[in-house]
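Q: Please take a close look at a single helix in the model shown here. I should like a connected account of its residues, their surroundings and their partners elsewhere in the chain.

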Amino acid sequence: IILCGYGEFLMTLFADNDLVLSMGMFRAFRLARIVRLMRLLRKTRALRELQKLVTMMATCLKALVWSSVFCFFIMSVWAMFMVEVVHPIINESGLFDDCVQCQTAAGSVMNANLLLFKTVIAGDSWGLIAVPVIQAYPATAFIFIGSQVTLVFGVLNLIVAVVVDTFAEARQRDILNLAEELEYDFEKDRKFLQKVFDRMDA
């Protein structure tokens, strides 16, 4: 990996750009070589936590994808409410005459999704649209607070629970890794007991 990096650096210094672009396979080769680092993770006990993180990410990738789809679906339901209820209020109230982005924030389902993601999930700019609309029309609090409760306290916590449960199931099925951990713990305990017995004999 390092030699490929140096080779590509030297080629950018001394060769023309067309040749460097045609030799882009060096980058792909370096990326492919990174996979070999996974063997190092499995063999090195000092990187045990990093190995667990990588394993958890790999096993939970499918659950994360479907969780994102589910979150987008729930967010789209609230976005439809925003388009039907909040968007006419924003246009008719005159609260946002000087803000073009605020007027189009709930104009379509995708724009409302972006608004919900920004305000509810990311927690950004609550005071820009949500607070003025709620103060002027308190009934709209049902949409903003309802989306907050269902998305943040419901869906996101559910995603965390599913990811943890998926990793726990994958860990129970990974008999080889469990056997290696048990063997490592046994060896560690044996060495500790050997030290204790050596001190007693001395």
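A: Contact here means that heavy atoms lie within 4.5 Å of each other. The model is a predicted one, and the part chosen for the close look is helix α6, which spans residues 61-93.

The setting comes first. The protein chain holds eleven helices and zero strands, and from the N terminus on its elements run α-α-α-α-α-α-α-α-α-α-α. Of the 202 residues in the protein chain, 25% are buried. Where contacts join residues at least 6 apart in sequence, 65% of them link residues at least 24 apart.

One side of the account concerns the link between α6 and helix α8. Ser76 is situated in helix α6. With a relative accessibility of 10%, Ser76 counts as buried, because the limit for that class is under 20%. Once neighbours within four places in sequence are set aside, Ser76 is in contact with Val109 and Asn113. Asn113 belongs to helix α8, made up of residues 109-121. The side chains of Ser76 and Asn113 are joined by a polar contact of 3.2 Å.

Asn113 itself has a relative accessible area of 4% and is therefore buried. When residues up to four places away in sequence are not counted, Asn113 touches Phe72, Met75, Ser76 and Ala79. The polar contact with Ser76 thus accompanies contacts of Asn113 with Phe72, Met75 and Ala79.

The aromatic residues of α6 come next. A search of the whole structure yields two aromatic pairs. In the pair of Trp78 and Phe81, the ring centres are 5.8 Å apart and the planes stand at 45 degrees, so the pair is classed as tilted. Both residues lie in helix α6, three residues apart, which is about one turn of the helix. Their accessibility classes can be set side by side: Trp78, at 11% relative accessibility, counts as buried, whereas Phe81, at 41%, counts as partly exposed. Ring pairs also bring in Phe142, linking Trp78, Phe81 and Phe142 into a cluster.

The packing of α6 with another helix remains to be described. Helix α10 covers residues 141-173, and α6 packs with α10 at an angle of about 175 degrees, with the axes 10 Å apart. Because angles over 145 degrees count as roughly antiparallel, α6 is roughly antiparallel to α10. The residues of this contact divide into 20 nonpolar, five polar and no charged.

Val85 adds a further point in helix α6. At 35% relative accessibility, Val85 counts as partly exposed. Apart from its neighbours within four places in sequence, Val85 is in contact with Thr140 and Ile143. The C-alpha atoms of Val85 and Ala139 are separated by 9.9 Å, although these residues are 54 residues apart along the chain.

In summary, helix α6 carries the buried residue Ser76, whose side chain makes a polar contact with that of Asn113. Helix α6 also carries Trp78 and Phe81, which ring pairs link with Phe142, and it packs with α10 through a contact that includes 20 nonpolar residues.

Note on methods: Residues numbered from 1 in each chain as written. Predicted model: local features only at pLDDT ≥ 70, side-chain atom pairs only at ≥ 80, totals over all residues. Heavy atoms only, no water. Helix = DSSP H or I, 4+ residues; strand = E, 2+ residues; numbered from the N terminus. Buried < 20%, exposed > 50% of the residue type's maximum accessible area, 1.4 Å probe, protein only. Polar contact = N/O pair within 3.5 Å; in protein donor to acceptor, adjacent residues only side chain to side chain. Phe/Tyr/Trp six-rings, centres within 6.5 Å; stacked < 30°, edge-to-face > 60°. Axes fitted to C-alpha atoms, helices over the stretch in contact; angles between N-to-C directions. Parallel < 35°, antiparallel > 145°, perpendicular 65-115°, else oblique. Nonpolar A, V, L, I, M, F, W, Y, C, P; charged D, E, K, R; others polar.
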